[in-house]
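Here is a short report on one protein model. Look over the strands, the core and the ligand shell as you read.

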Amino acid sequence: LLLSFSFTLICSRILLNQTPQNLQASLGEQAAITCGFKASSFGSVQWYRQLSNSRPEHIITCVSDGTEYKDNIIFSLSRSDQVSNLTILNSGIQHSALYFCAVQAHCAHHTVW
Ligand SMILES: *[C@@H]1O[C@H](CO)[C@@H](O)[C@H](O)[C@H]1NC(C)=O
């Protein structure tokens with residue numbers, strides 16, 4: 001089972017770093033991805049998933065501190081630490097995908113990937 005995802009992007013005052021870049025988890029294992037960023041101000045964090053041969057799909061929008069549960073995945077956000085985590089508790093074949101986060105910055109009218 002291979003879960004992989006990207007990377008580091010910069011938009012004027014936003015720096016986004018998703019780790020690890022590649023993650024392999026055995027069936028039933030827990031797998032976690034951390035999306036850390038630095039933004040002087042931001043609105044929300046978005047998580048997307050792209051299954052092979054498919055378009056990226058939006059999974060969730062995180063706005064407030066705390067955790068949310070969707071599709072057997074836990075998403076957390078700490079606005080002060082500027083970190084959002086995605087945690088798959090029970091990895092299965094269906095989780096094999098490219099995952100990525102995006103931070104909606106308050107940065108010259110665009111959503112930053
Ligand atoms: C995200 O994961 C890191 C590494 O496990 C942990 O130190 C941090 O507290 C987590 N933050 C949130 C908001 O879940």
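Two strands pair if DSSP finds at least two bridges between them. Strands (E, at least two residues) and helices (H or I, at least four) are DSSP runs, numbered from the N terminus. This is a predicted model: local features need pLDDT of at least 70, side-chain atom pairs count only at pLDDT 80 or more, and totals for chains, interfaces and linings use all residues. Residues are numbered from 1 along each chain as its sequence is written.

**Overall make-up**

The protein has eleven strands and zero helices. Its mean pLDDT (the predictor's confidence in each residue, from 0 to 100) is 85, and 81% of the residues reach 70 or more. Residues 107-112 fall below 50 in pLDDT; beyond near neighbours in sequence, this stretch has 14 contacts in the model. A contact means that two C-beta atoms, placed from the backbone, lie within 7 Å. Among contacts between residues at least 6 apart in sequence, 53% join residues at least 24 apart.

A residue is buried if 20 or more other C-beta atoms lie within 10 Å of its own, exposed if 12 or fewer, and partly exposed in between. By that count, 26% of the 113 residues are buried.

**The core**

A nonpolar core is a set of buried Ala, Val, Leu, Ile, Met, Phe, Trp, Tyr and Cys residues joined through C-beta atoms within 7 Å. In soluble globular proteins, nonpolar side chains tend to be buried together. The largest core here has 21 residues; I14, C35, F37, V45, L86, C101 and V103 touch the most other members. β3, β5, β6, β9, β10 and β11 each supply at least two of its residues. β11 gives the largest share, six residues.

β5 shows how a strand can face two ways. A31, I33, C35 and F37 point to one face and are buried, while A32, T34, G36 and K38 point to the other and are not. β5 pairs with β3 in the antiparallel sense over five bridges, and L16 stands opposite F37. β5 also pairs antiparallel with β10, over six bridges. There, C35 stands opposite S84.

**The ligand shell**

Which residues are around the ligand? They are T34, S76, L77, S78, V83 and N85, each with its C-beta atom within 6 Å of the ligand. β9 gives the largest share of this shell, three residues. The shell has two nonpolar, four polar and no charged residues. Here Ala, Val, Leu, Ile, Met, Phe, Trp, Tyr, Cys and Pro count as nonpolar, Asp, Glu, Lys and Arg as charged, and the others, Gly among them, as polar.

**The β8 edge and unusual backbone**

β8 (residues 66-70) is hardly covered: zero of its five residues are buried. Five bridges join β8 to β9, and the two run antiparallel. E68 stands opposite F75 in β9. Two residues lie between these strands in the hairpin, where D71 takes a positive phi near 50 degrees.

Most residues other than glycine have a negative phi, and most peptide bonds are trans. The table lists exceptions.

| Site | Value | Place |
|---|---|---|
| T19-P20, cis peptide bond | omega about -10 degrees | P20: loop between β3 and β4 |
| N72 | positive phi, about 65 degrees | loop between β8 and β9 |
| Q82 | positive phi, near 55 degrees | loop between β9 and β10 |

N72 counts as exposed because it has 12 C-beta neighbours inside 10 Å. Q82 has 18 other C-beta atoms within 10 Å, so Q82 is partly exposed.
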